[in-house]
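Please look over the sequence and the model shown here before reading on. The report is written for someone meeting this structure for the first time.

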Amino acid sequence: MGHKVDFACRACRYEERDLGVGRGRRPEPALRLFQCGNCRSIGSAWVGGGFVPRCSLCYHDDIALLADDVLAVACPKCGGPGVFTHRHEETWE
Ligand SMILES: [Zn+2]
Ligand SMILES: [Zn+2]
């Protein structure tokens, strides 16, 4: 089962909450975290199973996938320290 992730930037206060990560009942597609260079945001997108991963906000397909257990990344808005909080107890399927 997948879990939920929150992203927050301590510098500019940009945040995204309740992002789904991982797999549900089927092996594919899976939800992966991404960073979108087009609209400068963090989100999660379906990958695999014939899905072309797209930004869930602007639908651009030029996104950089992040590791499922990523802990920190430069904030796409301001370049400051962005932190991921993994909530493994909150699952989805
Ligand atoms: Zn920021
Ligand atoms: Zn985007």
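What follows describes a sheet, a hairpin and a nonpolar core in turn.

## The four-stranded sheet

In this predicted model, four strands make up an open sheet in the order β2-β1-β7-β6, and their pairing is antiparallel. The edges are formed by β2, residues 15-21, and by β6, residues 72-74, each of which pairs on one side only. From one strand to the next, the twist averages 30°. As general background, the strands of a sheet pair through backbone hydrogen bonds, in either a parallel or an antiparallel manner.

Within this sheet, β1 and β7 run antiparallel and are joined by eight bridges, and among the residues involved is A8, whose bridge partner in β7 is V83.

## The β6-β7 hairpin

Strand β7, which covers residues 81-92, also runs antiparallel to β6, and three bridges join the two. V83 in β7 appears here again, since A72 stands opposite V83. Together β6 and β7 form a hairpin with six residues between them, and in its turn G79 has a positive phi of about 80°.

## The largest nonpolar core

The largest nonpolar core contains 14 residues, and V5, L33 and F34 are those with the most contacts inside it. At least two residues of this core come from each of β1 (2-9), β2, β3 (30-36) and β4 (41-47), while β3 gives the most, with five residues.

Leaving aside residues up to four places away in sequence, L33 touches V5, L19, V21, I42, S44, L66, D68 and V70.

Definitions and conventions:
Residues are numbered from 1 along each chain as its sequence is written. Chains are lettered from A and ligands numbered from 1 in the order in which they are written. This is a predicted model: local features need pLDDT of at least 70, side-chain atom pairs count only at pLDDT 80 or more; totals for chains, interfaces and linings use all residues. Two strands pair if DSSP finds at least two bridges between them. Axes are lines fitted to C-alpha atoms, for helices over the stretch in contact, and angles run from 0 to 180 degrees between N-to-C directions. A nonpolar core is a set of buried Ala, Val, Leu, Ile, Met, Phe, Trp, Tyr and Cys residues joined through C-beta atoms within 7 Å. A residue is buried if 20 or more other C-beta atoms lie within 10 Å of its own, exposed if 12 or fewer, and partly exposed in between; C-beta atoms are placed from the backbone. Two residues are in contact if their C-beta atoms, placed from the backbone, lie within 7 Å.
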